[in-house]
Amino acid sequence: ALVAIVRAVESMRTSMEISGSHRGLLVLDEATVFLPRDHVERLFKVMRQLAAEGSSVLFVSHELEEVGEVTDRVTVLRNGRLIDTVDSRSTSEEELIRLIIGHDLKIEARRTAALTAAEGAVHARDLRGRLLRGASFDVGRGEVLGLTGLVGSGFEEAPHLLYGAVRAQAGTLSLNGKPLELRSMTPDRALGLGVVLVPGDRQRDGGVAALSVVDNITLPTLSAYFDRGLLRRGRMKREARALMSTYEVRPAMPQLEYGALSGGNQQKALLAKWLQTEPALLLLHEPTQGVDVGAREAIFGLVRAAAARGCAIVCASSDYEQLALICDRVLIFGEGVIVSELSGSEVTKEQITAQSLSSISAVALAEGSLGNVNISEGDGVEG
């Protein structure tokens, strides 16, 4: 993503030199979605430099914190209509949210009673992959467990290993007391066990953009629509429309291409697709990435409703505010291992941020802070 941005900037500057113009226009559409924080800072530096040179930057984003940090003015659109244009520095995030969704945001942090390991319906043990080096954790029925840390710390790999989308090097997953070797896990086996995954890249991994919404939503239950060898598309459309209504997917047009939906509605369609199967374990990877604040509110509600029905939920995310709002517990990862756990009143954006930033030093402490001590086989310990 950063290479594409650099190419766009250089192309703009080349065009300016050829035309003799001193001003250009750079358009960035959700440019920070797949960038780690240090790359985001570099992008913002380039944007400020271009503005200082006299060029213009149009920054399209759902991340209100970033909008407030880097822009001068904000234009708010809702349902295809211009709502208002305001000064970034004098407008609070709460005021922006009201403009975007038309009302105050009504999300309170989720808190349930602490669950013991014995109550856990799902047990992951010694999870190992390209980044993870032996993570073990439990998730209770009705619990939302967050996994986070700095980008590259391994938390983002866990959902894909548990689902079999990425082959695990080692580890087991136990549902209702039955341990399964993750090295032989596949998405097909996972689905048979009641394990579903909503991936972070919904366009590439979650849905088929060129197919209709009805074809995407009904895919997991397609066999139910066959009657004497014929596919009953009329019933598929009726039930898809009902699901779209329940999950607030707009517009409620089952025949519309999935790729034509907004990011938030694509994500709600994916949740409808999988939650209709009443899974035992729901795996989420960056569930609100690239969606607006109104869709976030709806998605949080859908996740909480699934937990209330007894679903065990694992949410891997680098969005600390999101985790603070929907999770009962949060595990912090550093260099492939779990370094700390937050629960109850500890689950705040500030605490998650602090623990994630200190995760590297926490790894050193967890591994003994051996410094220059060498351990050689058969020779004991040498200093």
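**One chain, from a glycine outwards**

I will start with one residue: Gly171 counts as buried because its relative accessibility is 7%. Buried here means under 20% relative accessible area, exposed means over 50%, and partly exposed is in between, with a 1.4 Å probe and protein chains only. What you see above is a predicted model, in which local features need pLDDT of at least 70, side-chain atom pairs count only at pLDDT 80 or more, and totals for chains, interfaces and linings use all residues. Residues are numbered from 1 along each chain as its sequence is written, and side-chain values use heavy atoms, with hydrogens and water left out.

Back to the glycine. Gly171 sits in strand E8, residues 170-175. Helices (H or I, at least four residues) and strands (E, at least two) are DSSP runs, numbered from the N terminus. Leaving aside residues up to four places away in sequence, Gly171 touches Arg125, Asp126, Leu127, Leu180, Glu181 and Leu182. A contact means heavy atoms within 4.5 Å. Take Leu127 from that list: Leu127 and Gly171 are 44 residues apart in sequence, yet their C-alpha atoms are 4.3 Å apart in space.

Now the whole chain. There are 14 helices and 18 strands, and 45% of the 383 residues count as buried. Of the contacts between residues at least 6 apart in sequence, 62% join residues at least 24 apart.

Next, a strand to find on the screen: E13, residues 281-285. How many of its five residues are buried? Five of the five are, and the strand is mostly covered. Leu281, Leu283 and His285 point one way from E13, while Leu282 and Leu284 point the other way. E13 has a neighbour in strand E10, residues 195-198; the two run parallel and are joined by four bridges. Two strands pair if DSSP finds at least two bridges between them. One of the partnerships is Val198 with Leu284 of E13. Strand E14, residues 312-316, is also parallel to E13, with five bridges joining them. There, Leu281 has Ala312 of E14 as its bridge partner.

Now a helix. In H4, residues 93-101, the buried residues include Leu96, Ile97, Leu99, Ile100 and Ile101. An α-helix has 3.6 residues a turn, so residues three or four places apart point the same way. The buried residues of H4 pack against helix H3 (64-70), strand E3 (73-78), strand E4 (81-87) and helix H11 (293-308). After H4 comes Gly102, with a positive phi near 85°.

Then side-chain pairs, beginning with aromatic rings. The search of the whole structure finds one aromatic pair. Phe44 and Phe59 form it, edge-to-face, at 6.0 Å centre to centre and 90° between the planes. The pair ties together parts that are 15 residues apart in sequence, because Phe44 lies in helix H2 (residues 37-52) and Phe59 in strand E2 (residues 56-60). For the rule, rings of Phe, Tyr and Trp (its six-membered ring) pair if their centres lie within 6.5 Å; planes under 30 degrees apart count as stacked, over 60 as edge-to-face and the rest as tilted. Both Phe44 and Phe59 are buried.

Last, the charges. A salt bridge is a side-chain nitrogen of Lys or Arg within 4 Å of a carboxyl oxygen of Asp or Glu. The count by this rule is 18. One of them joins the side chains of Arg48 and Glu69, at 4.0 Å from N to O. Arg48 is in helix H2 and Glu69 in helix H3, so the pair ties together parts that are 21 residues apart in sequence. Arg48 is partly exposed at 39% relative accessible area, and Glu69 is partly exposed at 31%.

A further salt bridge pairs Asp215 with Arg233, at 3.0 Å from N to O. This pair links distant parts of the chain, 18 residues apart: Asp215 is in helix H8 (residues 213-217) and Arg233 in helix H9 (residues 233-246). Asp215 is partly exposed at 21% relative accessibility, and Arg233 is partly exposed at 33%.

Is the pair of Asp319 and Arg296 buried or exposed? Their salt bridge has its closest N and O atoms 2.8 Å apart. Asp319 is in the loop between E14 and helix H12 (320-326) and Arg296 is in helix H11, 23 residues away in sequence. Both residues are buried.

One network to finish: salt bridges link Glu10, Arg13 and Glu53.
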